Amino acid sequence: MAALLLSALLLAAAAVASAYQFEVADETGWTKPTGKEGHTYNDWAAQNRFHIHDTLHFKYARDSVMEVSSADYLACNTSNPIAKFEDGSTVYELSRPGFFYFISGQPGHCKSGQRLIVRVMHPLQPELPPASAPTSGDSGWPELSSTAKLSVVSYSVAAFVALGVTFWLFL
Ligand SMILES: *[C@@H]1O[C@H](CO)[C@@H](O)[C@H](O)[C@H]1NC(C)=O
């Protein structure tokens, strides 16, 4: 039991230590798309895998970053931000699993495509290949069937126990 507890602590420490800072859209930064990019902010997000405690670095000028609800994301509605940043260099911590929605607060920018959905992995979620985020409409991510969910959980528990035993053998 102590070995399991210790391995849990080590895993937690490893998770914190490996927090990663993402440059939003790499060299493009957080800017109103010109329409010639050939990729969207969500294409960029789909190429990455986000975990709890990772951070997003938004780099911008004469612009802003708003975290909004999914409804306000879809409507490009800037009137009820959950959080708003205007300092030109924003580091946002992804503090929980699930979806985060960001839009520009500048008039017209969101409608031009300056918006981003980030999905943070659940800690016990196996690392599935990234899928592209919905860009419009109300379709979400594919739901796992309850059998699939059960096998995901048992897979994770088995992996966790195996790790615990490994640590115990080494101590
Ligand atoms: C934005 O949201 C507010 C509050 O939910 C609502 O009153 C307003 O009509 C919305 N604006 C647009 C353009 O949808």
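## Strand S2 and its partners

Five bridges connect strand S2 with strand S5, which spans residues 89–93, and the two strands run antiparallel. The model in which this pairing appears is a predicted one. Within the pairing, threonine 55 of S2 has glutamate 93 of S5 as its bridge partner. S2 also pairs with strand S1, residues 21–23, through three bridges, and here the strands run parallel. Threonine 55 takes part in this pairing as well, since glutamine 21 stands opposite it. Threonine 55 can therefore be followed in two directions from S2: to glutamine 21 and to glutamate 93 in S5.

Between S1 and S2 the chain passes through helix H2, residues 41–46, and the resulting β-α-β crossover is right-handed. Strand S2 itself comprises residues 55–59, and four of its five residues are buried, so the strand is largely enclosed by the rest of the structure. As a general point, side chains in a regular strand alternate between the two faces of the sheet.

## Overall organisation

The chain contains four helices and seven strands. Read along the sequence, these elements follow the pattern α-β-α-β-β-α-β-β-β-β-α. The chain has 171 residues, of which 32% count as buried.

## The disulfide

A search of the whole structure finds one disulfide. It is formed by cysteine 76 and cysteine 110, whose sulfur atoms are 2.1 Å apart. In general terms, a disulfide is a covalent bond between the sulfur atoms of two cysteines. The link of cysteine 76 and cysteine 110 is left-handed, with a value of -75° about the S-S bond. Cysteine 76 lies in the loop between helix H3 (70–75) and strand S4 (83–85), while cysteine 110 lies in the loop between strand S6 (98–103) and strand S7 (115–120), so the pair ties together parts that are 34 residues apart in sequence.

Both ends of the link are buried: cysteine 76 has a relative accessible area of 14%, and cysteine 110 has one of 4%. Because the limit for a buried residue is set at under 20%, each of these values qualifies.

## Two residues with positive phi

Most residues other than glycine have a negative phi. Cysteine 76, which is not a glycine, nevertheless has a positive phi of about 55°. This residue belongs to the loop between H3 and S4.

Histidine 53 is another residue other than glycine with a positive phi, in this case near 80°. Its place is in the loop between H2 and S2. Histidine 53 is partly exposed, with a relative accessible area of 34%, whereas cysteine 76 is buried.

## Surroundings of the ligand

The residues around the ligand are Asn77, Ser79 and Asn80. The side chain of each offers an N or O atom to an oxygen atom of the ligand. For asparagine 77 the distance is 2.3 Å. For asparagine 80 the distance is 3.3 Å, and for serine 79 it is 3.5 Å. Taken alone, the ligand exposes 360 Å², and the protein buries 29% of that area.

## Buried residues in and beside strand S3

Serine 64 is found in the loop between S2 and strand S3, the latter covering residues 65–68. Serine 64 is buried, with a relative accessible area of 2%. A polar atom of the side chain of serine 64 lies 3.1 Å from the backbone nitrogen of glycine 105.

Methionine 66 has its place in strand S3. This residue is also buried, with a relative accessible area of 3%. Methionine 66 and isoleucine 103 are 37 residues apart in sequence, and their C-alpha atoms are 5.3 Å apart in space.

How values were computed. Residues are numbered from 1 along each chain as its sequence is written. This is a predicted model: local features need pLDDT of at least 70, side-chain atom pairs count only at pLDDT 80 or more; totals for chains, interfaces and linings use all residues. Side-chain values use heavy atoms; hydrogens and water are left out. Buried means under 20% relative accessible area, exposed over 50%, partly exposed in between (1.4 Å probe, protein chains only). Two strands pair if DSSP finds at least two bridges between them. A crossover is right-handed if, with the strands pointing away from the viewer, the path from the first strand over the helix to the second runs clockwise. A disulfide is a pair of cysteine sulfur atoms within 2.5 Å. A residue is near a molecule or strand if one of its heavy atoms lies within 4 Å of it. A polar contact is a pair of N or O atoms within 3.5 Å; within protein, one must be able to donate a hydrogen and the other to accept it, and residues adjacent in sequence count only if both atoms are side-chain atoms. Accessible areas come from the Shrake-Rupley method with a 1.4 Å probe; for residues, only the protein chains shown count as cover.
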